[in-house]
Amino acid sequence: MTIKRLKLKISGMTCEHCASSIEKSLVQAGVIEANISYLAKGGTVSIDLRKTTLDDVLAAVQSRGHYRVVDVLELNSGESSSARHLIIIGGGSAAFAAALQAHDLRARVTMINDGLPIGGTCVNVGCVPSKILIRAAHDLHLACQHPFAGIAKTAKLVDFSALMSQVKEMVAALQKQKYIDVIKDLTHFEYIQGRAQIASPNTVEVNGKTIYGDAIIVASGASPSVPTIPGLEDVHFLTNESLYNLQTLPEHLIILGGSFIGLETAQMFARFGSKVTIIERLPQILASESADIVAELSRHLRNEGIEILTSARTLSVNETGGRVRMHVQAEDKEMYLNGTHLFLATGRRGNTDNLTSDKLELERNRQGFLKVDEYLQTKLPSVFAAGDVIGGHMFVYTAAMEGKLAALNALTDSKQKADYNIVPRVVFTDPQFASVGYDQQGATAAGFSAETITLEIKHIPRFITANEQRGFIQLTRERDSDQLLGARVIAPEGGELIMQIAMALKFGATVADLREMLHPYLTASEGVKLAAITFTKNLEQLSCCAT
Ligand SMILES: Cc1cc2nc3c(=O)[nH]c(=O)nc-3n(C[C@H](O)[C@H](O)[C@H](O)COP(=O)(O)OP(=O)(O)OC[C@H]3O[C@@H](n4cnc5c(N)ncnc54)[C@H](O)[C@@H]3O)c2cc1C
């Protein structure tokens, strides 16, 4: 091994300025990386023995002022001579999963994060604040709109800013518990706040320093993609990075984009009392889903007063007197919308601008997402990538899976492939839309002789007792073998139902397996069994606890 890490004890420093001047002379002397701290009374350096000797290091320290190296510890031999150094760019879910895997492999880890606070999108400006607000909106809605006699329907949002403060507190608590506290006790781990740039296949520059790593993982995430619309540059708009700072409830929220972020946000604000308009450029919301799914979900959203415009082009936008005026062409009609707030949910862009120095290039597509192979390796063998920055399935659980795998592949010879065979997905509207595996169209396109049944949830005892009629369960199977191929669910808490089907898919279950499994009566999951029965029997002719 030609790279050596040394821990230096240095005398004579009186402030952090001394530390940075020592770092400078060490770098001039050719060390790969120097981290010196006045408070620590020393620091660490990495040297390439083919280019730099210990004497060079000692001389570099002594060349400045009256500083002296009073002790040297060779870290490589003190720790493990094979300890490898992984640099992770990003501080979100993919980065953390990579760091913990690397830690388990006894590697040394440097995590560099900038932009979003530690924890990245999910905890700060994504999954967590959105799901807290969705839940609050759900509870408010249910209190006002429940279907039972004799109970008042009187709940009211009285203090939006108090709710938003509570969201901030809950986010901060989870950020501490799941990110800050997790790294506190990691050994051989360093967190650096700063913007990282890959300078060479094995070095990263941050805060004016160059750090050497045996491998680099890019986990820099994605940001809201801002569409080109005449006038937009002069308009205040919200994205998921600013939405959760709102202190007053929008009177009329216009949402650009009818995919999952747009839909979840729309329903949440409509339930709080905002007027909400969704503008979708394509002929339908949830572009890749089948027409029956889209029709069912659209119906329930519209029933709550949400306006949905499809095949809608925004011709221009401007802001006057605190209102956002949008000129829109929807289908064949031109119209002007006059909102108080505009929220962009028009897709995401990979955070790869200025990620590499001019001399180096990583392949990326037009949306800035990095190209990786099935091992999550870029075309530079020492550089891997994981999470939203590689596009594809942009969920926190796929980001975590990829982060872990990237670390494993970067630090060992394991060569494991990312497996996207079974990726359950949930849109957290109410009713939720959840899916896994194939639908009828996908299964047919993949060459299966497929068959799909649909069971409306009004036939499921759990939902009958809840007076709930919205949604259905759809199962798809291979006709001859009875092999389960996938499912689509629209139902309250449909995300919980989908995992039963995801497990069944993972273990190659047939529809008969689902049908024959005992399901407790009056659970929502019994609906999956009833849907399985529907392939062969008419439910209406069966009694309770049908089999
Ligand atoms: C509104 C919303 C709701 C969502 N809800 C869900 C949900 O319910 N369930 C779900 O599974 N997923 C959800 N997601 C998706 C999920 O949040 C993301 O897939 C996940 O957080 C991505 O994690 P990541 O580690 O890849 O990136 P991030 O968490 O974005 O982390 C990347 C970090 O790297 C930083 N960075 C970028 N460039 C550099 C650089 N050069 N140097 C240093 N640091 C850099 C970034 O600022 C950021 O801090 C939601 C997303 C949004 C926007």
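**Exercise 1. The ligand and its polar contacts**

Find how far a polar side-chain atom of Lys131 lies from an oxygen atom of the ligand, and then look at the residues around the ligand.

Solution. Step 1: a polar side-chain atom of Lys131 is 2.9 Å from a ligand oxygen atom. This is a polar contact (a pair of N or O atoms within 3.5 Å; within protein, one must be able to donate a hydrogen and the other to accept it, and residues adjacent in sequence count only if both atoms are side-chain atoms).

Step 2: for Thr121, the distance from a polar side-chain atom to an oxygen atom of the ligand is 2.5 Å. Val396 uses its backbone instead: an N or O atom there lies 3.0 Å from an oxygen atom of the ligand.

Step 3: widen the view. There are 38 residues around the ligand, and Asn113, Asp114, Thr121, Lys131 and Asp388 come nearest; a residue is near a molecule if one of its heavy atoms lies within 4 Å of it.

Before you go on, please keep in mind that this is a predicted model, in which local features need pLDDT of at least 70 and side-chain atom pairs count only at pLDDT 80 or more, while totals for chains, interfaces and linings use all residues. Residues are numbered from 1 along each chain as its sequence is written, and side-chain values use heavy atoms, with hydrogens and water left out.

**Exercise 2. α6 against α8**

Describe how helix α6 and helix α8 cross, and which residues meet.

Solution. Step 1: locate α6 at residues 127-145 and α8 at residues 260-272. Helices (H or I, at least four residues) and strands (E, at least two) are DSSP runs, numbered from the N terminus.

Step 2: the two axes come within 9 Å and cross at roughly 40°. Axes are lines fitted to C-alpha atoms, for helices over the stretch in contact, and angles run from 0 to 180 degrees between N-to-C directions.

Step 3: α6 and α8 are therefore oblique to each other (under 35 degrees counts as roughly parallel, over 145 as roughly antiparallel, 65 to 115 as roughly perpendicular and the rest as oblique). Their crossing is left-handed, that is, the near helix is turned anticlockwise from the far one by less than a right angle; clockwise would be right-handed.

Step 4: on the α6 side the contact (heavy atoms within 4.5 Å) includes Lys131, Ile134 and His138; α8 brings Glu264, Met268, Arg271 and Phe272. The contact residues divide into 7 nonpolar, 3 polar and 3 charged, where Ala, Val, Leu, Ile, Met, Phe, Trp, Tyr, Cys and Pro count as nonpolar, Asp, Glu, Lys and Arg as charged, and the others, Gly among them, as polar.

**Exercise 3. Two further helix pairs**

Give the handedness and the residue classes for α4 with α10 and for α1 with α2.

Solution. Step 1: α4 (residues 93-104) and α10 (residues 396-411) have axes that come within 7 Å and cross at roughly 40°. This crossing is right-handed. Among the residues that make the contact are Ala97 and Gln101 of α4, and Val396 and Gly403 of α10. By class there are 10 nonpolar, 3 polar and 1 charged.

Step 2: α1 (residues 16-28) packs on α2 (residues 54-62) at about 140°, with the axes 8 Å apart. That makes α1 oblique to α2. Here too, the crossing is right-handed. Ile22, Ser25 and Leu26 of α1 meet Val57, Ala60 and Val61 of α2, giving 5 nonpolar, 1 polar and no charged residues.

**Exercise 4. Gln284 in its loop**

Which backbone oxygen atoms does the side chain of Gln284 reach?

Solution. Step 1: place Gln284 in the loop between β14 (275-279) and α9 (291-303).

Step 2: its side chain reaches the backbone oxygen of Leu286 at 3.1 Å, and a polar atom of that side chain lies 2.8 Å from the backbone oxygen of Glu289.
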